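Colleague: Please take a close look at one part of this model for me, the core and what surrounds it. I would like the contacts, the burial and the strand pairing in one connected account.

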Amino acid sequence: ILSSGLINVPIYATLPATQVEFIMRDSEARAVFVSTAEQLEKIQSIRANLPSLSHVILFDDVREQSTMTLEALRETGTKATGQPTYEERIATIGKYDWASIIYTSGTTGDPKGAILNHWNFVSNVIACVSSISIGTDDRCLSFLPLSHVFERTAGYYSMLYAGVSIAYAENIDTVPQNLLEVKPTVMVSVPRLYEKMYARILGTVTAGSGLKKSLFFWAMGVGKKYANEKIEKRLKAATKVKYGIADKLVFRKLKARTGGKLRFFVSGGAPLSRDIAEFFYAAGLPILEGYGLTETSPVITVNTFDHFRFGTVGRPVDGVDVQIADDGEILVRGPNVMLGYYKKPELSNAALDGEWFHTGDIGYVDDDGFLTITDRKKDIIVTAGGKNVAPQPIENLLKTNKYITQAVIVGDKRKFISAVIVPNMDNVRVFAKAAGISHAEDADLVKDDKVIQKIHDEIERMSQHLASFERVKKFILLEKDFSIEQNELTPTLKVKRTIIEKKFEKEINALYAS
């Protein structure tokens, strides 16, 4: 599609038909490729509402009226005469020609179509590869959908440009097994994967003997000291010796779970907890966290081995400038910034102020040029007492607890901060058994007073350093994790805060009733 000078519009396979219809109508798509009969069914159910759609190409060899199979399309192309060659088509494409319209994941309303040209992508790929050392000896395990701009640029275009071979995971559930099979040297992911790995490791450790726990936490202490000394280029000989012992006794076993060849992870798409970043770095599995948006193709900043700082998303990649507005909003300019939103001139003008793109994120740049994200501008909570609370750092803190999988902070215009909590039910069940709680169903466990008190105690323990107005006073426990199917998560696994607040409005209001 790109080589022909056409414009592609990626759509997540998990989206329901209504959301597919919105994107296809808005983009005025003339053709659509569908992989299976199930995806075809979505298109058939909305086709009458898509006046621009002329061609449906199906990967599966299913004979359906008004569709064409991929094989039939290939045959048509082979027999075509008098058409430009592949090289001739590419030669007609200008660097500033439109390449793609990528729709944002829509955490705050209908998706917006970001228009990206060929140079947006190419400039960003060159900047990414010059920032991180990857090459023909590397192998990448990919599991994020290629409709995600982060995977498309960082996990696909950049890998191919650098000569890295890519292995595709069967699905997200098989990633642990695929890691052992593929033995990747690099992997690109959103924080959700690292959070799950972290929770699984901590759960295994804390369920072990006292000696194993002591050894593990000693090793982590040594590992964190080693990591910080190494980053600050003041590594002491004694620390190096201790780390060698910790590596042999503990860390090698953790690295073996990733296939034993992994050099580093890359994280983007959402904020990564500093505790998790320090944990993996200490274990010899560094996570290079970056920052970007669909509108910036996407990479703006990234931590590298030469320039690394915990708690930040790194320094700007080559050719990209970052500036902080008076209200703390992060502004970006560079060859990676979109042309605008498709058919939305007012939104485009609001987002693009001259050369600068308004990201909608709040943050600051330190004296060494490292960017720290504090929250989304629209997510800032203002309590009834007038205190400003950034929810993301608190949520990321709580999610590092082995009993908590997800946390959504609420409390705008309220007297205090509360939370919607998804417990880690595996670890809750272990606690329940030890505490003599007999409930068999998760729905009963999350209502049990002892379980509620345990979560309360864990939240209190982890919040000691927070200001009183930042501490979670009350919470509700859910028996099931958030999901894409229930419209609680975007396809990139970001929590839809407004949906959660609306869906559990009655339960949240009850927290403040007294």
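Modeller: The account below starts at one strand and works outward from there.

First, the ground rules. This is a predicted model, in which local features need pLDDT of at least 70 and side-chain atom pairs count only at pLDDT 80 or more, while totals for chains, interfaces and linings use all residues. Residues are numbered from 1 along each chain as its sequence is written, and side-chain values use heavy atoms, with hydrogens and water left out.

Start at strand S8, residues 186-189. Strands and helices here are DSSP runs numbered from the N terminus: E, at least two residues, for a strand; H or I, at least four, for a helix. S8 is covered on both faces. Val 186 and Val 188 are buried on one side, Met 187 and Ser 189 on the other. Buried means under 20% relative accessible area, exposed means over 50%, and partly exposed is in between (1.4 Å probe, protein chains only).

Now the partners of S8. Strands pair if DSSP finds at least two bridges between them. Strand S6 (residues 139-142) runs parallel to S8 and is joined to it by two bridges. Cys 140 has Val 186 as its bridge partner in S8. Strand S9 (residues 264-267) also pairs with S8 in the parallel sense, over four bridges. There, Val 188 is matched with Val 266.

What does Met 187 touch, leaving aside its neighbours within four places in sequence? Its contacts are Cys 140, Leu 141, Phe 143, Val 175, Leu 179, Leu 193, Tyr 194, Leu 262, Phe 264, Phe 265 and Val 266. Contact means heavy atoms within 4.5 Å.

Met 187 also features in the largest nonpolar core, which has 84 residues. Such a core is a set of buried Ala, Val, Leu, Ile, Met, Phe, Trp, Tyr and Cys residues joined through side-chain atoms within 4.5 Å. Met 187, Tyr 194, Phe 216, Phe 251, Phe 265 and Phe 280 touch the most other members. There is a second, separate core of 27 residues; Leu 398, Met 425, Val 428 and Ala 432 are among them.

The rings come next. Tyr 194, Phe 216, Phe 265 and Phe 280 recur in a cluster linked by ring pairs, together with Tyr 198, Phe 217 and Phe 279. Rings of Phe, Tyr and Trp (its six-membered ring) pair if their centres lie within 6.5 Å; planes under 30 degrees apart are stacked, over 60 edge-to-face, the rest tilted. The whole structure has 19 aromatic pairs. One of them joins Tyr 156 and Tyr 157, tilted, with 5.4 Å centre to centre and 35° between the planes. Tyr 156 is partly exposed, at 29% relative accessibility.

Back to Cys 140. Cys 140 is buried, at 0% relative accessibility. What stops a bond to the closest cysteine sulfur, in Cys 128? The two sulfurs are 13 Å apart, which is too far. Cys 128 is buried too, at 12%. No disulfides turn up in a search of the whole structure; the cut-off is a pair of cysteine sulfur atoms within 2.5 Å.

Return to the second core, through Leu 398. Leu 398 is one of the buried residues of helix H13. H13 spans residues 391-399, and it is largely enclosed by the rest of the structure because eight of its nine residues are buried. Others on the buried list include Pro 391, Glu 395 and Lys 399.

Asn 424 lies in the loop between strand S22 (417-423) and helix H14 (425-434). Asn 424 is buried at 13% relative accessibility. Beyond residues up to four places away in sequence, Asn 424 touches Ala 199, Lys 402, Tyr 403, Ile 404 and Thr 405.

One more buried loop residue is worth a look. Thr 294 sits between strand S10 (287-292) and strand S11 (299-302), with a relative accessible area of 16%, so it counts as buried. Not counting residues up to four places away, Thr 294 touches Ile 102, Thr 104, Ala 114, Leu 116 and Val 149. Thr 239 is 55 residues from Thr 294 in sequence and 42 Å from it in space, C-alpha to C-alpha.
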